[in-house]
Amino acid sequence: MILNIIRIIVGIVFALFLPGYLLTFILFKKLKLLERICLAIGLSIFVVVFLSFYLTAISFFSSEAGITTMGVWLSLLIVCVLFVIIIISKNKTSHPKDPLTIKKLFGIIIFFSGIYHLYSLINKIIGKPKVTILMYHRIALAHDKQKNLLDSNVVSVSLEDFEKQMKHLSKNCNVITFDELLDCYKKKRLTKDSVIITFDDGYKDNFLYAYPVLRKYKLSATISLTTGHINSNKLFWWDKIAYIIHKTKIKRFTLDGLGTFSLNNKPKIIQIIQEKVKKIPENKKNYLIARLAKKLNVKIPLARNLFLSWNDVRKMSNNNISFSAHTVTHPILTRVSLKQAKDEIMLSKKKIERETKKQVSVFTYPNGDRKDMSITINQFLEKNGFSFALSTIYGANDLNIDPFRLKRVSVEDDDDLRLFQIKVSGLGKFFEPVYSLLKK
Ligand SMILES: [Zn+2]
């Protein structure tokens with residue numbers, strides 16, 4: 001009996017190998033021969049496992065033997081996934097510019113295994129209504145991305161991908177504004193596939209690239225403005241760090257308060273330094289960055305045409321784009337005095353209201369992690385005319401969630417359309433912890 005099963009499996013794997021091998025030419029263009037063969041075997045095994053998984057899932061409910069069989073298949077599945085991850089991580093190091101990542105591979109597996117479609121279907125039938133708030137930062141042209149000396153982590157997506165994503169939203173989702181969401185909260189009624197589009201910080205490309213696409217698909221969006229940078233030429237601290245490290249010719253350095261670094265993998269070092277600087281008190285950040293620039297012999301440039309102007313803001317404000325307060329200087333509010341936090345909130349709110357002649361009822365927490373928000377600040381927001389506060393905690397929101405702790409789903413540079421659809425469907429929450437673990 002077992003021998004027969006093994007024979008059948010081996011037979012199917014062999015039968016699937018050739019189409020699987022051909023598929024690798026379509027999906028993964030830059031693989032080496034051995035990687036291609038391994039991946040094709042992996043894909044074939046995966047198909048068999050999944051077919052069997054669905055079949056045994058049926059017998060699981062009717063026989064005890066089903067439980068054992070399912071256990072065997074589950075372990076096989078795990079082995080296959082690990083197998084594919086090893087191949088891809090190997091592939092990643094041999095082709096650093098190849099956009100194929102472990103994350104994308106997860107996307108391919110979830111999409112083509114039918115999990116995504118099954119999940120969407122179940123959600124349509126029994127899912128709870130929820131709103132997914134998408135978080136973007138910068139939108140870049142593909143060729144600008146390569147020569148970008150600023151922080152590439154705030155480039156959420158290329159213009160080409162952004163257009164595809166907006167097309168998907170306009171066809172499949174109900175894109176709403178925060179005013180409409182407030183209405184939904186009051187009436188306790190929300191449609192299942194509600195989406196809100198947000199952009200953080202106020203970069204110029206929101207106006208140059210995102211805004212025309214939003215208009216094309218008649219979609220509304222909210223841009224969070226760090227008002228001290230609007231119309232200004234001051235770089236954000238994270239962009240300064242990226243610029244200094246990209247530009248320096250020094251290969252190794254030690255800086256008090258930061259540590260010793262060898263600059264052989266600049267993107268990684270930028271991330272490490274940013275994480276360290278993030279934890280430094282707000283008033284010491286700029287001083288430390290100035291010391292870093294001096295040490296690495298780099299002159300920090302002025303930001304030319306990097307941020308929105310108030311003219312851009314007013315133009316968009318008249319055309320379906322709303323604005324949220326995101327402080328004046330972007331400090332983490334739980335790391336400054338309560339008085340300063342309140343000033344940062346109110347000054348940015350009033351400035352936007354003066355410029356747009358419209359009420360600002362949404363606040364976006366800088367950095368927006370759990371520890372960056374507080375109940376005291378939320379109460380202050382509620383008392384001062386705000387209806388919502390946005391965090392950067394990953395997830396979608398139902399109507400029972402605290403409106404001053406709204407979760408968001410961040411859209412990242414390596415999200416292709418498949419991953420984007422997975423994220424919007426809500427399925428991303430199961431995989432996000434895995435992605436962030438892999439990133440570390
Ligand atoms: Zn921000």
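Here is a quick tour of this chain, from its overall make-up down to a few single residues. What you're looking at is a predicted model. The chain has 440 residues, and 35% of them are buried. Its secondary structure adds up to 17 helices and 12 strands. Much of the contact map is long-range: of the contacts with a separation of 6 or more, 67% link residues that sit 24 or more positions apart.

**The nonpolar cores**

- Start with the largest nonpolar core, which holds 65 residues. Within this core, the residues that touch the most other members are Ile133, Phe363, Phe388 and Ala389.
- Phe388 is a handy one to click on. Setting aside residues up to four places away in sequence, Phe388 touches Phe178, Ser361, Val362, Pro403, Phe404 and Leu406.
- There's also a second core, separate from the other and made of 16 residues; Leu150, Ile245, Ile273 and Ile289 are among them.

**Parallel strands E10, E11 and E12**

- Strand E10 covers residues 362-364 and strand E11 covers residues 388-394. The two run parallel and are joined by three bridges.
- To find the pairing by eye, look for Thr364, which stands opposite Leu390 in E11.
- How does the chain get from E10 to E11? It goes through helix H15 (residues 375-383), and this β-α-β crossover is right-handed.
- E11 also pairs with strand E12 (residues 406-410), again in the parallel sense, this time over two bridges. Here the pair to look for is Tyr394, which stands opposite Arg408 in E12.
- Some residues from the core section turn up here too: Phe363 and Phe388, two of the best-connected members of the largest core, fall in E10 and E11 respectively.

**The E7 and E8 hairpin**

- Strand E7 (residues 252-255) and strand E8 (residues 259-262) pair in the antiparallel sense, with four bridges between them.
- Arg252 stands opposite Ser262 in E8.
- Three residues lie between the strands of this hairpin, and Gly257 takes a positive phi near 90°.

**Helix H11, with a buried side and an exposed side**

- Helix H11 runs over residues 266-278, which is 13 residues. At 1.5 Å a residue that should span 18 Å, and the end C-alpha atoms are indeed 18 Å apart, so the expected and actual lengths agree.
- Which residues of H11 are buried? They are Ile270, Ile273 and Val277. These residues cover an arc of only 70° around the axis, so they sit on the same side of H11.
- Turn to the face pointing away from that buried side and you'll find the exposed residues Lys268 and Glu275.
- The cover over the buried residues of H11 includes helix H10 (237-247) and helix H12 (282-295).
- Ile273 ties this helix to the cores, as one of the residues in the second core.

**Helix H13 and the loop before it**

- In H13, the buried residues are Asp312, Val313 and Met316. Seen down the helix axis, they fall within an arc of 100°, so they line one face of H13.
- That buried set packs against helix H9 (205-216), strand E9 (321-325) and helix H14 (338-356).
- The loop between H12 and helix H13 (310-317) is home to Asn297, and Asn305 is found in the loop between H12 and H13 as well.
- Asn297 has a positive phi of about 60° although it isn't a glycine. Asn305 is another non-glycine with a positive phi, near 60°.
- Are these two buried or exposed? Asn297 has 12 C-beta neighbours inside 10 Å, and the cut-off for exposed is 12 or fewer, so Asn297 counts as exposed. Asn305 has 10 such neighbours inside 10 Å, so Asn305 counts as exposed too.

**A long-range meeting at Ile108**

- Ile108 is found in helix H4 (residues 102-112). With 18 C-beta neighbours inside 10 Å, Ile108 counts as partly exposed.
- Leaving aside neighbours within four places in sequence, which residues is Ile108 in contact with? They are Leu27 and Arg418.
- Arg418 is 310 residues away from Ile108 along the chain, yet their C-alpha atoms are separated by 7.2 Å.

Key: Residues numbered from 1 in each chain as written. Predicted model: local features only at pLDDT ≥ 70, side-chain atom pairs only at ≥ 80, totals over all residues. Core = buried A, V, L, I, M, F, W, Y, C linked by C-beta atoms within 7 Å. Buried ≥ 20, exposed ≤ 12 C-beta atoms within 10 Å, placed from the backbone. Contact = placed C-beta atoms within 7 Å. Pairing = 2+ DSSP bridges. Right-handed = clockwise from strand over helix to strand, strands pointing away. Expected span 1.5 Å × (residues − 1). Arc of directions from axis to C-beta.
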